[in-house]
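Colleague: Mind if I quiz you on how you label things in this model? I'd like the reasoning, not just the labels.

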Amino acid sequence: MSSPMSPIRLSGAARDAMTAVIEVSDLVKRYGATVAVDGVSFSVDEGEIFGIIGPNGAGKTTTVECISGLRVPDSGSISVHGISPQRDRDRIREFVGVQLQESALPPRLRVGEALELFASFYSNPLDPQGVLESLGVKDSERVAFRKLSGGQKQRVSIALALVGNPKIAILDELTTGLDPEARRNIWAVIERMRERGVTVILVTHFMDEAETLCDRVALINRARLQALDTPQAIAAQAGGSTLRFVPSRPVDEKTLSAIPGVQVVERKDRSVTVTGTGDLAAALINALAAMGVQVSELEARRGNLDDAFIRLTRDAASPGSEEVQA
Ligand code: ADP
């Protein structure tokens, strides 16, 4: 998926010159027998929009909850502007804005009151009215939180994270439940935060969102860091390409899977979609031609982050697979 916005992304020497404001080192967190986070390390630079992607239950929320001081790691270390979120949570709260989960707000509290209250906790807050307006929920100012729709609650929770004018914002599932136009509006809010130099950690399961907004993404899978790079680099490294075509006669999945480079085979009616690496089109056309099968209505697409995500998480699930590390 392409996007209309094209953020500048730095790599190599330019990135080295930047200052890491968040450092996570060998983070481990267990819930009883469940290892939710297993040795995850990364750092986030000042002003960076850093995405955390991964399947459900991978350990994303636990990771950001440890960064914001809501959870205590079993081992490893976290530093946010040189401060430990576990030892000094009150100081962390002053400059880290966290998107609250729905249940964390009193249901009868009106939106405007909630914003004013949150703004009052900080020394240099943003104007609550302006924040509500930028998120398209100004009309809900006098409405009790419990009466809001899912999408409105979502926007108010973002407003609450931002009203304190934080240096760092941690946003978990930013646009879940929002319609496409609302998503674009929220993306524009994040772009404005980028312009103001706010560092953002964005947990998302939308790959287009990560591609559009994030300078780098960490893919966490089964409690471990599986990839860490720009969305483009991860897509190029693992995204491969996808071909859709109609064969002149049905070809079974096993035969298609055996063609060099083919990794995923899907079918819909007469049409077949294969995803894989290398010179996929040539390999496919030649292999099918050798079986007397012609290919028509061929469409090719270069891999994006979505493809890379599917490939990397699926590969990691199969025995003998290797981790891709930046
Ligand atoms: P994600 O955000 O990637 O969906 P989570 O960090 O929420 O993943 O969860 C990671 C793992 O930890 C999952 O197996 C989840 O069931 C488990 N888990 C999360 N929170 C708790 C909790 N409070 N108590 C017990 N297990 C939990």
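Colleague: What distance separates an oxygen atom of the ligand from an N or O atom in the side chain of Lys60?

Modeller: This is a predicted model, to start with. In it, the Lys60 side chain puts an N or O atom 2.8 Å from a ligand oxygen. A polar contact is a pair of N or O atoms within 3.5 Å, so this pair counts as one.

Colleague: What makes Thr61 and Thr62 polar contacts of the ligand too?

Modeller: Same test. Thr61 uses a backbone N or O atom, 2.8 Å from a ligand oxygen, and Thr62 has a polar side-chain atom 2.5 Å from a ligand oxygen. The cut-off is 3.5 Å, so both pairs pass. As for cover, the ligand taken alone exposes 560 Å², and the protein buries 61% of that.

Colleague: Which element gives the most to the shell around the ligand?

Modeller: Helix 2, with 3 residues. Strand 2 (34-45) also supplies at least two. By class, the shell has 4 nonpolar, 6 polar and 2 charged residues. Lys60 and Arg71 are both in that shell, and Lys and Arg count as charged, so they belong to the charged class.

Colleague: How many cavities of 30 Å³ or more does a search of the whole structure find?

Modeller: Just 1, and the largest cavity holds about 30 Å³ of space. Strand 5 (96-98) and helix 6 (150-162) each give two or more residues to its lining.

Colleague: Why does Gly97 go down as polar in that lining?

Modeller: Gly97 lines the largest cavity, and Gly counts as polar by definition, so Gly97 goes in the polar class. That lining has 5 nonpolar, 3 polar and no charged residues.

Conventions. Residues are numbered from 1 along each chain as its sequence is written. This is a predicted model: local features need pLDDT of at least 70, side-chain atom pairs count only at pLDDT 80 or more; totals for chains, interfaces and linings use all residues. Side-chain values use heavy atoms; hydrogens and water are left out. A residue is near a molecule or strand if one of its heavy atoms lies within 4 Å of it. A polar contact is a pair of N or O atoms within 3.5 Å; within protein, one must be able to donate a hydrogen and the other to accept it, and residues adjacent in sequence count only if both atoms are side-chain atoms. Accessible areas come from the Shrake-Rupley method with a 1.4 Å probe; for residues, only the protein chains shown count as cover. Helices (H or I, at least four residues) and strands (E, at least two) are DSSP runs, numbered from the N terminus. On a 1 Å grid over the protein atoms alone, a cavity is a set of points where a 1.4 Å probe fits but cannot get out, and a pocket is an open set with protein on both sides within 12 Å along at least five of seven lines; lining residues have an atom within 4 Å of a point. Grid points are joined across faces, edges and corners, and a volume is the space filled by probe spheres set on the points.
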